Amino acid sequence: MDSVSYIAKKHCRNAFNMISVLLLAIMSAIAFVGIGGYAGLACGLFFGLMALITLFHTRGSTIGCTSVQIPSAIISFASFCLAIAVGALGFSVIHYPGVYDYVNEILHQMGYTLIVPPETAAILLGVCSLAIFIVSFFAFCAVKYMNTLKKCLKSVISCHGAGIFVAASIIMFVIAVAVAFAFVLSHGGLNEITSSGVKLSLLAEIAILAVLMVIAAISAGIFIRETSSFKEIHNETMKVETNADGTVYVPIKVYSDSDNYDSFAADHDNDKREDKKTLGSKKPFITTDPHDNLHEIDGSNNEHDII
């Protein structure tokens, strides 16, 4: 039977992780070539670094899991702080009119202009803050998932943290799809986006990110299934017990809830009743004294024997 550490190593080397490496490399190339500028350079370096880290993670070692945990923890902390700042900005925009003009002036210097009223801008900032909070939560779940994977690599059976990572990946996929639709609608449709290389590159990055989230959810789901199956098999194997006369192997069965235990107790009582019924159907053994069959009067017995 395979050990849980072997299952974890095999999971690290599966095809989904290799596809993730390829998609991250594509995202890095698109950022360098399509987006360009300082933003493209930063995104390209980030995605390229994540591709290398993910490739290192496919070796199936605790160091590889730690290498994924470090940027995930940084992203989680930075996103959490950014979400608080964006939420505070939205609150300030709706309560202090001068903040809206100040933000619009900064955006105008960058080539953008707010055309929505302050109330709508505050709502949009609140939605962005919530989305960034979810990104922070996803990165935190990734840290927990890698910690669980490290335990399995050390032959400790665990699937704690994998389920929440699957849910977080699905939520991130939904957010990425919603952002893609909002991006297309805000820029006048696909025809307008395809006419600009930068806009098309941004849409491609969002679409690939959504695919990455689906792959992460599928990969974590496979990990849960494999470790759970191994745990069930492990509970049905032989348990080693040391007695006074040496070591014996005793098969055990684990009952996880009261229903299983009650059914086990009922089966045990039925076995007892069957044993009693079997014993009752057998003829009893009759032991007699040899003197009971003596009907002869030889004078050795007393008068009570003479009828």
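A search of the whole structure, a predicted model, finds 5 aromatic pairs. One of them joins Phe138 and Phe165. Their ring centres lie 5.5 Å apart, and the planes meet at 25°. The pair counts as stacked, because the angle falls under the cut-off of 30 degrees. This contact links distant parts of the chain. Phe138 sits in helix H6 (residues 118–153), whereas Phe165 belongs to helix H7 (residues 162–186). The two residues are 27 residues apart. Both rings belong to buried residues. Phe138 has a relative accessible area of 14%, and Phe165 has a relative accessibility of 6%. Each value is under 20%, so each residue counts as buried. The pair is also part of a cluster. Ring pairs connect Phe138, Phe165, Tyr145 and Phe223.

Helix packing was examined next. Two packed helices are described by the angle between their axes and the distance between the axes. Helix H2 (residues 15–35) packs against helix H3 (residues 37–57) at an angle of about 165°. Their axes are 8 Å apart. H2 is therefore roughly antiparallel to H3, since angles over 145 degrees fall in that class. The crossing of these helices is left-handed. The contact of H2 with H3 holds 16 nonpolar and 9 polar residues. No charged residue takes part in this contact.

A second crossing involves helix H4 (residues 62–95) and H5. Here the axes come within 5 Å and cross at roughly 120°. H4 and H5 are therefore oblique to each other. The class follows because the angle lies outside the range of 65 to 115 degrees for roughly perpendicular axes and is not over 145. The crossing of H4 and H5 is left-handed.

Beyond H5 (97–109), the chain enters the loop that leads to H6, where Thr113 is placed. Thr113 has a relative accessibility of 49% and counts as partly exposed. The C-alpha atoms of Thr113 and Val103 are separated by 9.3 Å. These two residues are 10 residues apart along the chain.

Helix H1 (residues 4–12) shows a sided pattern of burial. Its buried residues are Val4, Ser5, Ile7, Ala8, His11 and Cys12. Viewed down the axis of H1, these residues fall within an arc of 160°. They therefore line one face of the helix.

Methods
Residues numbered from 1 in each chain as written. Predicted model: local features only at pLDDT ≥ 70, side-chain atom pairs only at ≥ 80, totals over all residues. Heavy atoms only, no water. Axes fitted to C-alpha atoms, helices over the stretch in contact; angles between N-to-C directions. Helix = DSSP H or I, 4+ residues; strand = E, 2+ residues; numbered from the N terminus. Parallel < 35°, antiparallel > 145°, perpendicular 65-115°, else oblique. Left-handed = near helix turned anticlockwise from the far one by under 90°. Nonpolar A, V, L, I, M, F, W, Y, C, P; charged D, E, K, R; others polar. Buried < 20%, exposed > 50% of the residue type's maximum accessible area, 1.4 Å probe, protein only. Arc of directions from axis to C-beta. Phe/Tyr/Trp six-rings, centres within 6.5 Å; stacked < 30°, edge-to-face > 60°.
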